[in-house]
Amino acid sequence: MSDDARHDGTGSEHGETGETGEAAADRPRRTGWRRLLPTWRMVVGGVLLFLLLIVGGLTAGYLLVGIPPANSAAKAQSNVYLYSDGTELARDGDVNRENVPLGQVPRTVQRAVLAAEDRDFYSESAVDPAAMLRAAWNTVTGKGKQSGSTITQQYVKNYYLGQEQTLTRKAKEFFIAIKLDREESKDEILQGYLNTSYYGRNAYGIQAAARAYYGKDVGALTTAEGAYLAALLNAPSAYDITAHPENRPRALARWNYVLDGMVKQKWLGRAERTAMAFPTLTRAPASAGLSGQRGYLVEAVRDYLTGHDILDDGTLRAGGYRITTTIDHKRQNAFVKAVRTRLMDQLDGHRTVDGYVRAGGASIDPATGRVVALYGGIDYAKQFVNSATRRDYQVGSTFKPLVFASAVQNESVTQDGSPITPNTVYDGSNKRMTLSHGHPTGFAPGNEDDHSYGPITVTEATDKSVNAVYAQMGIDVGPDTVRKTAVALGIPADTPSLATSQGAISLGTATPSVLDMTQVYATLAHHGRQRPYTLIDHVTKAGEAIDLPEREETAAVERAAADTTTHILRSVVEGGTGTAAQAAGRPAAGKTGTAEQDKAAWFAGYTPDLATVVAVLGQHPETAVQEPLYGAAGRDRLNGGDFPAQIWADYTAAALAGRPARDFDLRLQDGAEPSPSAAPSADDSESASDSDSPSTGPTDGATPTGSGAPTGTGAPTGPTGQPTLPPTPTEVPTTAEPTEEFPTVGPPDADEYAQRWTGG
């Protein structure tokens with residue numbers, strides 16, 4: 001018998017693997033956890049099988065998915081907006097579209113679109129898998145939602161499919177784009193894309209956009225104008241600076257990105273690019289169905305839906321939604337009537353300054369966070385910018401209560417270590433140098449009319465809106481601490497000038513909207529508990545409800561901080577600058593405010609049941625530059641205690657008619673109990689004036705002093721029983737520069753902020 005393994009029985013045992021008996025015997029057996037690991041043969045086989053499935057799936061998808069007819073969304077259905085009681089508020093969805101051949105679109109405008117959306121359009125394939133994966137990864141990892149779609153894919157989505165964000169739609173988009181790229185030329189695809197894209201202002205297609213933004217046909221567009229329209233494609237609502245003036249920096253950045261991309265692609269010369277200026281926009285047209293208050297309300301609701309990721313722009317444009325808002329029909333009408341009778345009826349067309357007057361207002365139920373009324377302007381068709389939601393006017397002294405609330409919340413103390421309470425005494429001398437850790441800061445704001453008050457309690461300083469007191473209090477608390485409290489109470493963290501105000505933050509140089517400030521005051525009314533505001537009750541499409549985000553109630557500040565702030569704001573209404581609010585006939589708390597150069601006047605107030613903010617703003621009707629309101633309605637000047645407080649009182653009385661009046665249930669901080677000496681005299685009340693404008697520095701002879709003195713039984717008093725300050729230092733610190741820098745200027749010039757664009 002042969003010894004060769006190939007000739008005995010053992011050979012067949014290993015012959016199939018090509019191993020000899022000795023090799024098989026020498027190969028170690030896999031034991032323990034190693035038995036669970038796949039062999040290299042299994043790995044290779046799995047990879048090959050996976051690739052085979054992918055190829056098969058792609059082939060099947062390409063064969064099965066055909067190019068469909070144009071979708072119904074290309075004709076855009078209407079959305080129906082309802083008041084809270086179910087009655088119809090407005091409809092949108094009338095399509096503004098006019099297709100044009102590619103030859104009518106200037107070459108520079110075509111290239112601007114390519115620079116913005118797809119610079120390799122003419123050389124790349126219909127899809128870019130790498131870009132799609134990168135966009136998906138950025139979205140998943142929190143870097144923001146990004147599109148990885150080529151222009152071909154975007155055209156397919158616009159014209160053949162829909163805007164819903166589903167895997168099924170993306171898969172169809174992928175295959176249709178590949179087929180379309182084989183059946184149509186690049187020029188045909190670009191033409192279709194330009195004619196189906198949405199540019200904002202209800203403009204579908206490049207021709208409608210040219211008419212909507214520049215009042216001209218597409219063939220007359222300049223390169224700069226085309227670059228702006230190209231910028232809009234990324235997010236129309238984020239870059240239309242007429243509807244949202246505060247978005248101008250973002251729009252400029254995107255416009256520059258487009259033009260710089262054209263230079264990079266050698267489609268535009270460097271010198272020509274450098275010489276370009278941002279183009280002037282025409283006034284935005286309004287749909288006849290959105291005139292009056294309807295347009296403002298619909299715009300605010302749309303912004304809420306998209307801003308809270310309930311629906312995106314494209315999905316909302318496709319229409320078919322039934323949107324029930326929180327707006328109370330009767331209260332909305334009451335707001336309109338109050339503004340008309342108290343303000344608009346007092347204006348005279350023969351006074352130039354009266355043409356500058358704008359008004360905005362918002363009202364929130366503190367317990368629920370529901371926005372029950374919103375006043376955007378006299379008519380959406382005449383004044384396009386929504387004065388209730390714009391973020392470009394200083395709020396003035398309506399910000400001061402946030403400083404005090406922050407002081408109580410953080411148990412802040414004065415420069416000499418005394419707790420800050422309503423009875424704390426500060427030096428209210430005009431243009432008094434503020435101190436930080438005993439050193440001058442370089443910040444010495446003036447009071448209204450340069451009036452000096454001397455020793456004055458926080459309550460009195462709030463009644464009379466004394467800048468000198470609140471400037472020092474803001475430094476005592478700390479600008480960063482004040483800012484954090486403001487954000488906790490409801491002011492958006494990205495509010496213009498909020499992050500850069502430094503020492504001047506206490507005087508209201510930031511520019512939150514009327515609606516933002518209403519959220520803040522609603523939080524104070526609700527004892528420091530915040531329920532984020534909402535404009536939406538529910539949304540349905542084809543009978544199915546759309547999920548709305550949870551609005552969890554949280555503690556913005558402790559109850560003592562909110563209630564003690566309410567305590568001093570009641571004094572403002574009872575005997576300070578806000579006495580006009582008493583006409584509401586209910587217990588009320590509030591604060592007046594006036595922006596620098598009297599370009600805006602505010603009243604922010606609340607009852608236990610309703611928080612409302614009213615602002616009167618000055619804006620040139622043609623240039624949109626912010627204008628002072630000196631002489632408006634025949635008054636030498638406007639302040640928050642005038643028209644805004646009167647409008648507030650009329651509206652609040654009507655909005656709460658038939659409901660029993662409720663008093664405030666307050667739990668005050670220790671040491672906040674009213675002091676007989678803290679009550680303002682009748683003479684003081686009559687001379688009270690609102691003050692908000694920081695000066696550029698101290699005047700000659702202004703001497704730094706301490707910021708406050710202890711109050712209560714241990715506080716020294718003068719002949720009248722009024723608490724007094726410690727003696728003024730006889731020597732001024734000789735440091736050449738302050739130990740901490742507190743800029744004495746406000747936010748960037750709002751007039752410059754509004755240049756080169758127009759709107760109502």
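# A Guided Look at Strands, Helices and Cores

Visitor: Which residue takes a positive phi in the hairpin of β6 and β7?
Guide: Gly 369 does, with a phi near 75°, and the hairpin has six residues between its two strands. A word on where this comes from: the model is predicted, with local features needing pLDDT of at least 70, side-chain atom pairs counting only at pLDDT 80 or more, and totals for chains, interfaces and linings using all residues. Residues are numbered from 1 along each chain as its sequence is written, and side-chain values use heavy atoms, leaving out hydrogens and water.

Visitor: What makes β6 and β7 a pair of strands?
Guide: Strands are DSSP runs of E, at least two residues long, while helices are runs of H or I of at least four, numbered from the N terminus. Two strands pair if DSSP finds at least two bridges between them. Strand β6, residues 357-364, and β7 have four bridges, in the antiparallel sense, so they meet the condition. One of the partnerships links Ala 362 with Leu 374 of β7.

Visitor: Why is β7 called largely enclosed?
Guide: A residue is buried under 20% relative accessible area, exposed over 50%, and partly exposed in between, using a 1.4 Å probe and protein chains only. Five of the five residues of β7 (371-375) are buried, so the rest of the structure largely encloses this strand.

Visitor: Does a helix get the same treatment, and what makes α10 enclosed?
Guide: Ten of the ten residues of α10 (223-232) are buried, so this helix too is largely enclosed by the rest of the structure. Among the buried residues are Glu 225, Gly 226, Tyr 228 and Leu 232. They pack against α4 (107-117), α9 (206-214), α11 (236-239), α12 (248-264) and α13 (270-274), where contact means heavy atoms within 4.5 Å.

Visitor: How much of the chain counts as buried?
Guide: Of its 760 residues, 54% do. The chain holds 25 helices and 18 strands. Among contacts between residues at least 6 apart in sequence, 74% join residues at least 24 apart.

Visitor: What makes a group of residues the largest nonpolar core here?
Guide: A nonpolar core is a set of buried Ala, Val, Leu, Ile, Met, Phe, Trp, Tyr and Cys residues joined through side-chain atoms within 4.5 Å. The largest such set has 88 residues, and those with the most contacts inside it include Leu 305, Leu 374, Phe 399 and Tyr 470. Helix α21 (514-525) gives the most to this core, with eight residues. Apart from it lies another core, of 52 residues, among them Ile 206, Leu 232, Leu 268 and Met 276. In soluble globular proteins, nonpolar side chains tend to be buried together.

Visitor: Which residues does Tyr 470 touch, not counting those up to four places away in sequence?
Guide: Its contacts include Lys 400, Phe 404, Val 458, Leu 507 and Ile 568.

Visitor: Why does Asp 516 count as buried?
Guide: Asp 516 has 2% relative accessibility, which is under the 20% limit, so buried is the right word. Asp 516 is found in helix α21. Leaving aside neighbours within four places in sequence, Asp 516 is in contact with Arg 391, Gly 490 and Pro 492.

Visitor: How do you know which class fits Lys 382, buried or exposed?
Guide: Its relative accessible area is 51%, and over 50% means exposed. Lys 382 sits in the loop between β7 and α17 (400-409). Lys 382 and Ser 291 are 91 residues apart in sequence, yet their C-alpha atoms are 8.3 Å apart.

Visitor: Why is Arg 551 called partly exposed?
Guide: Arg 551 has 21% relative accessibility, a value between the 20% and 50% limits, so neither of the other two words fits. Arg 551 lies in the loop between β14 and β15 (554-555). Beyond neighbours within four places in sequence, its contacts include Tyr 304, Thr 368 and Gly 369, the glycine of our hairpin.

Visitor: What makes β2 and β14 edge strands?
Guide: Each pairs on one side only, β2 being residues 88-91 and β14 residues 544-545. They belong to an open sheet of five strands with mixed pairing, in the order β2-β1-β5-β13-β14. Strand β13 (536-541) and β14 are antiparallel over two bridges, which satisfies the rule of at least two. Within this pair, Thr 540 stands opposite Ala 545 of β14.
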